[in-house]
Amino acid sequence: MEIKKTALAGTTESSDIQITLSKGNDGIDVDLTSDVKKQFGDQIVKVITDTLNKFQITNAKVRAVDKGALDCVIKARTITAASRALNQEDQINWEVL
Amino acid sequence: MQIKNLSLKNKKDLQIWKEFLTEHGISNFSSAEVFKIDETIALFEDQRIVATGSLAGNVLKYIAVESEGSGSEFNSVISQLTNLAAGKGIFHLFVFTKAKYSKSFQFIGFKELAKSDNAALLESGDYLIGDYLAELPRVANQEEKKIAGIVMNANPFTKGHRYLVEKAASENDYVYVFVVSTDASLFNSKERLQLVKEGTADLKNVFVVSGGDYMVSYATFPAYFLTSDQTVIEYQTTLDALIFKNQIAPVLNIQTRFLGEEPFSKTTGIYNRILEKVLPPSVSVKIIPRAKTQSETIITATEVRQLIAKNNLVPLKQFLPFTTIKYVEEHKTELQSRIKKGININGN
């Protein structure tokens, strides 16, 4: 699936993550800012990448600003950003995700 | 805690906003600056304002929080502004701030473009300076070539600009001409870029490109477009010069920045002086005296704009290359109607 427009979801408040998703042409490129990058960076990138793959998004630039979000939050914010980026915000199919 | 939108047109809102900012060391409320603000939000606790921030186009401004240790108030304000901007389709944001707050912005994903002793400029979003630079034209073995850069507003492109570009092109292997992209001039950015391209089309070693948000833009150097005092111009031009020196010149291998001598404009005069101070030794600065007409008149775009306003196009021939004259003649009515609508023709 092609990203249709840049989209943003989430905040930079404590326990949240802010995801900005835009067009890319070189796979899924995640730029992560996080205080716990050393400990959980790989895991955060994996959750984002896996979630995007479920949308069949294979090329995207992702900017993620993490403030200690749990995996479920990372997933939820990524889903919202992806739906917005694909112009599908009215038809999210949460169950398959 | 509660987030509210403030309306600066409302006297009461304006007053509490000003009081809060003044308490926190921000006191420039010139109408030129305040007029540019699109959105202002504030965080309240027990009816008392504890944090605020504003959005002007793609620039975050007037950000202050009650207690400096409190990251959460700061993060709420920036988050809210980022989301407001996203709602308008703006994802690439800039912030000018005191140098000591640069780290706070970096914690929430902003990247530092330049930092001087007292100020910093940062950006965040989907299109950053690396993306801008990656889109510019390159040549083979660029790292071995002699390359110069020129930044111009070219409002519009004159024989004076042409002289400057020719000079740089004759002394270098390649020249990048960066045309200011902010739209605040009689000729809009598309027209200015096009006229520079047409006016230099015969010079094969010249690349004419948009300066994007990084060279004399409303983000990096607002004082170029707003009337400002000397200290403001100095710290903004210092950051603009640092971006050119540290982010742009090394990537494109630009060794020399060519400038036109500036006998008239105060703002551009300060800018030239700061560039001479900041850019060397890694980028040398070469100032070229202004070109003159056959009758020894200095060529300026300001004069050209005034002649258009007076509907006196005959003398334009001595100032403009034929490509620009043709455009002006074909679009005379439209340009004059922009002047009537109040666009400033005496500034830059």
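Here is a quick tour of a sheet, two cores and one buried residue. Keep in mind that this is a predicted model. Most of the tour stays in chain B, where seven strands form an open sheet with mixed pairing. Chain A gets a short stop at the end, at A:Thr78 in helix H2.

**The sheet in chain B**
- Reading across the sheet, the strands come in the order S1-S2-S3-S4-S5-S7-S6.
- Strands S1 (2-6) and S6 (111-115) of chain B sit at the edges with a single partner strand each, so one side of each has no neighbour in the sheet.
- On average, neighbouring strands are turned by 25° against each other, ignoring direction.

**Zooming in on S3 and its partners**
- Strand S3 of chain B covers residues 48-56, and eight of its nine residues are buried.
- S2(B), residues 39-45, runs antiparallel to S3(B), and seven bridges join the two; across this pair, B:Leu43 stands opposite B:Ala51.
- The hairpin of S2(B) and S3(B) leaves two residues between the strands, and B:Asp46 there takes a positive phi near 50°.
- S3(B) also pairs with S4(B), residues 59-65, in the antiparallel sense over five bridges, with B:Thr52 and B:Ala64 as bridge partners.
- That pair makes a hairpin too, with two residues between the strands, and B:Gly57 in the turn has a positive phi of about 60°.
- S4(B) pairs with S5(B), residues 93-98, in the parallel sense over two bridges; here B:Leu60 has B:Val95 as its bridge partner.

**Helices lying across the sheet**
- Helix H3 of chain B (residues 71-87) lies across S1, S2, S3, S4 and S5, at about 35° to S3(B).
- Helix H8 of chain B lies across S5, S6 and S7, at about 115° to S6(B).

**The nonpolar cores**
- In soluble globular proteins, nonpolar side chains tend to be buried together.
- The largest nonpolar core here has 49 residues, and B:Phe178, B:Phe244 and B:Ile248 have the most contacts inside it.
- H8(B), residues 230-252, gives the largest share of that core, ten residues.
- Domain 1 (2-125) and domain 2 (134-293) of chain B both give residues to this core, so it lies between them.
- Another core, of 36 residues, lies apart from it and includes B:Ile150, B:Val206, B:Val208 and B:Ala291.

**A stop in chain A**
- A:Thr78 belongs to helix H2 of chain A, residues 71-85.
- A:Thr78 counts as buried because its relative accessibility is 1%, and the cut-off is under 20%.
- Leaving aside neighbours within four places in sequence, A:Thr78 is in contact with A:Ile19, A:Ile48, A:Thr51 and A:Leu52.

Methods: Residues numbered from 1 in each chain as written. Chains lettered and ligands numbered in written order. Predicted model: local features only at pLDDT ≥ 70, side-chain atom pairs only at ≥ 80, totals over all residues. Heavy atoms only, no water. Core = buried A, V, L, I, M, F, W, Y, C linked by side-chain atoms within 4.5 Å. Buried < 20%, exposed > 50% of the residue type's maximum accessible area, 1.4 Å probe, protein only. Helix = DSSP H or I, 4+ residues; strand = E, 2+ residues; numbered from the N terminus. Domains from an automatic or database assignment. Pairing = 2+ DSSP bridges. Contact = heavy atoms within 4.5 Å. Axes fitted to C-alpha atoms, helices over the stretch in contact; angles between N-to-C directions.
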